[in-house]
Amino acid sequence: MPFVRAIAAAMVAVCLQPAWAARPLATDDTGVIGSGDCEFEASRTVARLGVDRTGETGAALACGVGFGTQLGLGYGQARGPEGRARGVALTAKAGLWSGAGDDAPSLAVSGAVGWGRAAGQSWEREASEVRLLGTWPVRHAFIHANLGHARSHTGGPKATVWGLALEHQPAQLAGLGWAPLVEVYGDDRGDRWVNFGVRTTVWPDRLFVDLAHARQQAPDKARVWNAGLRLAF
């Protein structure tokens with residue numbers, strides 16, 4: 001796969017992750033945006049593998065549409081050693097089951113389809129995926145688990161995707177809420193990743209900023225830094 005095509009595929013993979021409430025995790029939670037409410041995200045990602053460096057800027061908007069469902073649109077642009085690529089994705093998430101109380105176990109399902117465009121090429125459908133999501137409360141924290149199926153529409157292999165994350169409840173410091181996060185995720189076609197991050201509550205229930213660092217568990221370890229924000233309105 002030419003490097004510029006690889007950039008496009010990676011860009012679509014970023015857009016496909018419908019982790020609106022869970023960023024900077026790649027593992028999604030079961031939270032669904034309420035009807036009539038929306039969330040906007042913006043992010044900046046830098047990936048390094050050896051001497052190669054790729055920078056990506058993305059934005060996404062998701063809104064609750066009722067019946068325990070949300071719909072979203074994501075867009076991203078990446079630039080690497082061999083050119084620029086763009087990706088866009090449509091995403092959806094719906095609640096399936098929830099126990100009694102605010103901090104009860106719950107299940108949800110998410111789906112996404114994405115299109116990509118490498119430099120000098122036309123837009124084409126790149127990938128699609130569906131995931132089963134679970135969230136379980138534990139003492140002062142939440143465990144999130146994902147299991148799903150991803151399909152490439154450009155000749156690549158199908159894959160089983162998975163993720164397991166621990167999200168600690170925010171601790172108050174300097175007037176802000178600080179929530180540490182850790183996860184491991186991957187698929188059955190490649191190497192797993194380990195991700196560490198922190199989400200800061202700037203404005204309760206409204207504005208959050210985050211920073212994370214992920215490392216691929218492979219001989220030639222790729223490293224990714226990700227920073228972003230989420231605004232609920």
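Which side chain does a polar contact of 2.8 Å join to that of Glu167? In this predicted model, the partner is Arg199, whose side chain is joined to that of Glu167 at 2.8 Å. The pair also counts as a salt bridge, with 2.8 Å from N to O. It connects distant parts of the chain, since Glu167 lies in strand 8 and Arg199 in strand 11, 32 residues apart. Side chains of opposite charge can pair when their charged atoms come close.

The surroundings of Glu167 were examined further. Strand 8, which holds Glu167, covers residues 159-168. The relative accessibility of Glu167 is 13%, under the 20% limit, and the residue therefore counts as buried. Arg199 is buried as well. A second polar contact, of 2.7 Å, runs from the side chain of Glu167 to the side chain of His144. When neighbours within four places in sequence are set aside, the residues in contact with Glu167 are Ala141, Phe142, His144, Pro180, Leu181 and Arg199. Two of these names, His144 and Arg199, thus recur as polar partners of the Glu167 side chain.

The setting for these contacts is a protein chain with 1 helix and 13 strands. The helix comes at the N-terminal end of the order of elements, and the strands follow it. The radius of gyration is 17 Å; a compact globule of 233 residues would have a value near 17 Å, so the chain agrees with that expectation. Along the principal axes, the C-alpha trace spans about 50 × 40 × 30 Å. Of the 233 residues, 43% are buried. Contacts between residues at least 6 apart in sequence were also considered, and 49% of them join residues at least 24 apart.

Salt bridges were then searched for in the whole structure, and 6 were found. One of them is formed by the side chains of Arg230 and Glu39, at 3.4 Å from N to O. This pair, too, links distant parts of the chain: Arg230 belongs to strand 13 and Glu39 to strand 1 (residues 38-49), with their positions 191 residues apart in sequence. Arg230 has a relative accessibility of 8% and so counts as buried. Glu39 is likewise buried, because its relative accessible area is 11%, below the cut-off of 20%.

Another salt bridge joins Glu129 to Arg131, where the closest N and O atoms are 2.6 Å apart. Both residues of this pair, Glu129 and Arg131, are buried. In addition, a network of salt bridges links Asp28, Asp29 and Lys93.

The surface was considered last. The accessible surface of the protein chain amounts to about 11900 Å², and carbon and sulfur atoms account for 61% of that area. A nonpolar patch on the surface is formed by Phe40, Leu61, Val202, Trp203, Val209, Leu229, Leu231 and Phe233, which together have about 660 Å² of accessible area. At least two residues of the patch come from strand 11 (193-203), and at least two from strand 13 (223-232). Among the patch residues, Trp203 lies in strand 11. The relative accessibility of Trp203 is 51%, which means that this residue counts as exposed, the threshold being over 50%. Strand 11 therefore holds both the exposed Trp203 and the buried Arg199.

Note on methods: Residues numbered from 1 in each chain as written. Predicted model: local features only at pLDDT ≥ 70, side-chain atom pairs only at ≥ 80, totals over all residues. Heavy atoms only, no water. Helix = DSSP H or I, 4+ residues; strand = E, 2+ residues; numbered from the N terminus. Buried < 20%, exposed > 50% of the residue type's maximum accessible area, 1.4 Å probe, protein only. Polar contact = N/O pair within 3.5 Å; in protein donor to acceptor, adjacent residues only side chain to side chain. Contact = heavy atoms within 4.5 Å. Patch = residues over 30% accessible without salt bridge, like charges linked within 9 Å, V, L, I, M, F, W, Y side chains within 5 Å. Areas by Shrake-Rupley, 256 points an atom, 1.4 Å probe, with all protein chains shown as cover. Salt bridge = Lys/Arg side-chain N within 4 Å of Asp/Glu carboxyl O. Rg over C-alpha atoms; globule rule 2.2 N^0.38 Å.
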